[in-house]
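Colleague: I am new to this structure and would like a close look at a single part of it. Please go through that part slowly, and then place it in its surroundings.

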Amino acid sequence: MHVGHIRSTFIGDSLARVARFIGHKVITDNHVGDWGTQFGMIIHGWKTQLDHEALKNDPIHELVRVYKAVNAATKADEAVLEVCKGELVKLQQGDAENLGTWKECVRLTLEQLEKVYGALDIKFDHYLGESFYNDALAPLVADMLEKGIATISEGATVVFSDGSVKPENDPFLIKEKDEWKAAPCIIRKGDGGFLYATTDLATIDHRVKDWKADEIWYVVGAPQQLHFRQVFAAAHRRGITTEMIHIAFGSILGPDGKMFKTRSGETVGLLEVIDEAIERARAAADEKDQGLSAAEKDEIARIIGAGAVKYAELSQNRLTDYKFSWDKMLSLQGNTAPYLLNAYVRTRSIFRKLDGAVTLTDELTLTEPAERALAMKLAQFAENAHDILVDHRPNLLANYLYELADTYHSFYEACNVLRAEGAVRNTRLTLCEATSRVLKTGLGLLGIQTTERM
RNA sequence: GCGCCCGUAGUUCAACGGAUAGAAUGGUGGUCUCCGAAGCCGCAUAUCCAGGUUCGAUUCCUGGCGGGCGCACCA
């Protein structure tokens, strides 16, 4: 995984948390790409140029190296590509050797995935990769042929436009020199191999029939918009009425302004970014020196480091393309996770000093501007939580939490809590407690854990 | 060629059709004998261009210009 993969994971994780918070029943499924042409390439590479020593030392690195090398070879020589495609067809038809190699690759990949998710506090209910649907593919294609939804064209099995919508809204048509031409969705290749459109259709079947989904959300990059319009349209023609939504997001660009791509370009590893983030947070914790143990500081550094990376991502509009920047993603100053966490820590610090000996009453008096501002901001949480799901935008929550933390920090400077008395003190303590809860809950909805000290 | 997305301070990003377009960073001036300074309080700089709809447009529509991505057997 490289940094380009974090958007799908973070956005999807956050939306699932918010939807559950609102009261929906959510099933999360990591649709791992474990069955496509890239495995034809990896299997070919495994057979011809695997460095077994390197595989032992750093499996993912070696797999990526092999994949890139084969990918480059296919570009230079058409024949190599044909060999890879052949390996894929053999795999999909159950060839024992290829299946064994594939299993090993998937195992190594999932191991790596677990490591990344562990550090990031990410969990999925299911990991039904593309391979899970293999047995469903041939019957699905046969069914679509039988119903006349799909037809054979140039050797491949494809779905053409049925002319039910205006050409400009038809995902199966494309305009070329003032003429509408077919832009079919291919569900089976001429060589018998299946594609991701096929597995996506099988996946929809599974989610509708077995999970009884009312809505299916796809958190996938914006470049795949056409693909999903085609797949959703094809599914509708098969009689599926479930609402399907493609929650698209922009690309993470390299310093050259081009997309990060696993296949060819140089990328930045995700684990690398997380490790660096945690390291920087640890250095800051050491500098602050709150008299915490090494183990406490390690855990705080993990929460802050992982939180910083998540917040950098989730505080942005999902549709915006952005340039990857170490400094931005790892910053601990300004509008970042530590800023929000620091506000939370400041609320906890006050109650720690009271040692639990406090009873809040409903005797409230809002007189200072900073008190009123904070109370108003707190009251907006419910509305904000609701707004997130309207357009599936966690950044609205991130923006709100930043404003809340900002308002709290100002309040904290302007209104001393512990030295106040009577109703004023009770009011301020109540504001602190409410801020504490909203920050903890809100950050939790972003997938960011909190810490009592930092 | 056709489609989708985008264009906002030097830079990186926000903004249900609504009030003086917000932050961060960088620059710059203050602020710790006072609940935690990863903080707080100041100063400066922006809606690509031209039309249109509207009481009101960064937002919606049309046309340019600029960038990214996608468009028959990759995912």
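Which exposed residues does the face of α15 turned away from its buried side carry?

Modeller: The model is a predicted one. The face of α15 that is turned away from its buried side carries the exposed residues A382 and E383. Helix α15 itself covers residues 381-390, and its buried residues are F381, N384, A385, I388 and L389. These buried residues lie on the same side of α15 because they cover an arc of only 140° around the axis.

Next comes what that side meets. The buried residues of α15 pack against the helices α1 (6-22), α14 (369-379), α16 and α17 (422-445). They also pack against the strand β6 (215-221). Just after α15, H392 takes a positive phi of about 55°.

One of the packing partners, α16, leads on to the RNA. The element α16 (394-414) is among those that give two or more residues to the surface near RNA strand B. That surface is made up as follows. There are 69 residues around RNA strand B, and those that come nearest are K189, K288, R346, R393 and Y412. By class, the surface has 27 nonpolar, 22 polar and 20 charged residues. On the RNA side, 68% of the strand B atoms within 4 Å of the protein belong to sugar or phosphate, and the rest belong to bases.

Some individual pairs can be named. A polar side-chain atom of N399 lies 2.9 Å from a sugar or linking oxygen of RNA strand B. For Q316, an N or O atom of the side chain is 3.3 Å from a sugar or linking oxygen of the strand. With Q290 the partner is a base: a polar atom of this side chain lies 2.9 Å from a base nitrogen of RNA strand B. Besides α16, the elements that give two or more residues to this surface include the helices α2 (37-49), α9 (225-237), α10 (270-288) and α13 (337-354). The strands β2 (156-159), β3 (173-176) and β9 (322-323) are also among them. The most comes from α13, with nine residues.

Now for the chain as a whole. Chain A has 17 helices and nine strands. Its C-alpha atoms fill a box of roughly 85 × 55 × 40 Å along the principal axes. Of its 454 residues, 48% are buried. Among contacts between residues at least 6 apart in sequence, 76% join residues at least 24 apart.

The domain assignment divides chain A into domain 1 (31-123) and domain 2 (270-445). The centres of the two domains, taken over C-alpha atoms, are separated by 42 Å. Their contact takes eight residues from domain 1 and six residues from domain 2.

A last residue to look at is N98, which lies in helix α6 (residues 96-120). N98 counts as buried because its relative accessibility is 0%, and the cut-off for buried is under 20%. The side chains of N98 and E87 are joined by a polar contact of 2.9 Å. Leaving out residues up to four places away in sequence, N98 touches I43, K47, E87, K90 and L91.

Notes: Residues are numbered from 1 along each chain as its sequence is written. Chains are lettered from A and ligands numbered from 1 in the order in which they are written. This is a predicted model: local features need pLDDT of at least 70, side-chain atom pairs count only at pLDDT 80 or more; totals for chains, interfaces and linings use all residues. Side-chain values use heavy atoms; hydrogens and water are left out. A residue is near a molecule or strand if one of its heavy atoms lies within 4 Å of it. A polar contact is a pair of N or O atoms within 3.5 Å; within protein, one must be able to donate a hydrogen and the other to accept it, and residues adjacent in sequence count only if both atoms are side-chain atoms. Helices (H or I, at least four residues) and strands (E, at least two) are DSSP runs, numbered from the N terminus. Ala, Val, Leu, Ile, Met, Phe, Trp, Tyr, Cys and Pro count as nonpolar, Asp, Glu, Lys and Arg as charged, and the others, Gly among them, as polar. Buried means under 20% relative accessible area, exposed over 50%, partly exposed in between (1.4 Å probe, protein chains only). The arc is that of the directions from the helix axis to the C-beta atoms. Contact means heavy atoms within 4.5 Å. Domain bounds come from an automatic or database domain assignment.
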